[in-house]
Amino acid sequence: MDLAAIRANTARLHEAAGSAEVMAVVKADGYGHGMVPCARAGLAGGATWIGVARMHEALALRAAGISSRIFAWLLAPGDDWASAVAAGIELSAADPWAVEAATQAALAAGRPGLLHLKIDTGLGRGGASPAHWRALLGSASRAEASGHVRVVGIWSHLAQADSPGHPECDRQVERFRDAVELARKTGLSPEVLHLANSAATLNLPQTHFDLVRPGLALFGLSPVPEAAAPTALGLRPAMTLTARLVSVKRVPAGHGVSYGHRYRTVRETTLGLIPLGYADGVPRHASSTGPLLAVGRRRTVAGTICMDQFVVDLGDDTAAAGDEIVLFGPGDSGEPSAEDWARAAGTISYEIVTRIGARVPRTYTGGCDSKER
């Protein structure tokens, strides 16, 4: 994990955001890169907020000494609202029950809950629908008047930001502005309005408002891969996934390889065994299609990816146990990218990096968190 790349990517996003502040989104263990070191790298690169999905992620960041503003949004009844309020975590509310949960937590913590009200402007996922927005505003206004909560933000999320020029983006901006106007008429005075994700931060300045929330782009991956590679956006991938061969052997022509013999050797060849599998996050859907750099050449997974291992056909090239192979990285040595793996598996680069499991040790370079965990 290249923390210098994350710092530089954050600085690039800060530049793209103009006058808006940057929230570095490090949910899902920093998209598989490590939540705490990536949060620190994002802050060092110019972010002033940290964003996560779950409350326990936010509390873990506080426990690790992250003192910046932290926002958590995917919350449920029964979560530890009191600890979050006591820690100064800023929380999303899209329903009156969440306002009530924050109120009760404030009473227990002895300090006001900090809320960002979420409006569904068209994604059809989280957020209050326009029909229920007035009810949420009323609940929040009453709680704020009681002194138990402060409404510090209003936010929403874009559905089509990764499709440049899609008219839905402008429609969502208009609905968002309408929702904010109604909130202000209700008597609320939010400090920050935020709508933009990675793609919008880079390409849609009309969505920036006071704060942008990039996630994937922090880690150097393109949020618009069909339109622009990371380098074209001024980004550098931070994750490189490597392994070492544990077995190398010659086999004859016609030899079946791995479960189901989806791959058979066409001639006498050398097979190398790589100790990574779907339990480590290597997608089984990339069986016989996943690319890698091995013994100086781009190659493809030979046959079925197993739980702990897969095979590569090395032809007549010389190899030995201990030789390093690269599944993906920034491309400096000709290795594939996470996007290449996404295409091979029929998915998106988000999934490729976030699914790399805890069994795979992380080594950090380029910063004070340079270490292995």
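In this predicted model, buried residues account for 53% of the 373 residues in the protein chain. The secondary structure of the chain adds up to 11 helices and 17 strands. Measuring along the principal axes, one finds that the C-alpha trace spans about 80 × 45 × 35 Å. Contacts in the chain often link residues that are far apart in sequence: among those between residues at least 6 apart, 63% join residues at least 24 apart.

The surface and the charges round off this overall view. The accessible surface of the protein chain comes to about 15,500 Å², and carbon and sulfur atoms contribute 51% of that area. The chain carries 36 positive and 36 negative charges, and the mean positions of these two sets are 2 Å apart.

One residue invites a closer look. Glu-57 belongs to helix 4, which covers residues 55-63. Although Glu-57 is buried, this residue has no salt bridge. The nearest side chain of opposite charge is that of Arg-54, 5.8 Å away; a salt bridge would need a side-chain nitrogen of Lys or Arg within 4 Å of a carboxyl oxygen of Asp or Glu.

What, then, surrounds Glu-57? With neighbours within four places in sequence left aside, Glu-57 is in contact with Lys-27, Ala-28, Asp-29, Met-35 and Val-52. For Ala-28, a pair of polar atoms can be named: a polar atom of the Glu-57 side chain lies 2.9 Å from the backbone nitrogen of Ala-28. Thus the picture of Glu-57 joins a buried position without a salt bridge to a polar atom 2.9 Å from the backbone of Ala-28.

Methods. Residues are numbered from 1 along each chain as its sequence is written. This is a predicted model: local features need pLDDT of at least 70, side-chain atom pairs count only at pLDDT 80 or more; totals for chains, interfaces and linings use all residues. Side-chain values use heavy atoms; hydrogens and water are left out. Helices (H or I, at least four residues) and strands (E, at least two) are DSSP runs, numbered from the N terminus. Buried means under 20% relative accessible area, exposed over 50%, partly exposed in between (1.4 Å probe, protein chains only). Lys and Arg count as positive and Asp and Glu as negative; His and the chain ends are not counted. A polar contact is a pair of N or O atoms within 3.5 Å; within protein, one must be able to donate a hydrogen and the other to accept it, and residues adjacent in sequence count only if both atoms are side-chain atoms. Contact means heavy atoms within 4.5 Å. Accessible areas come from the Shrake-Rupley method with a 1.4 Å probe; for residues, only the protein chains shown count as cover. The place of a charge is taken as NZ of Lys, CZ of Arg, CG of Asp or CD of Glu.
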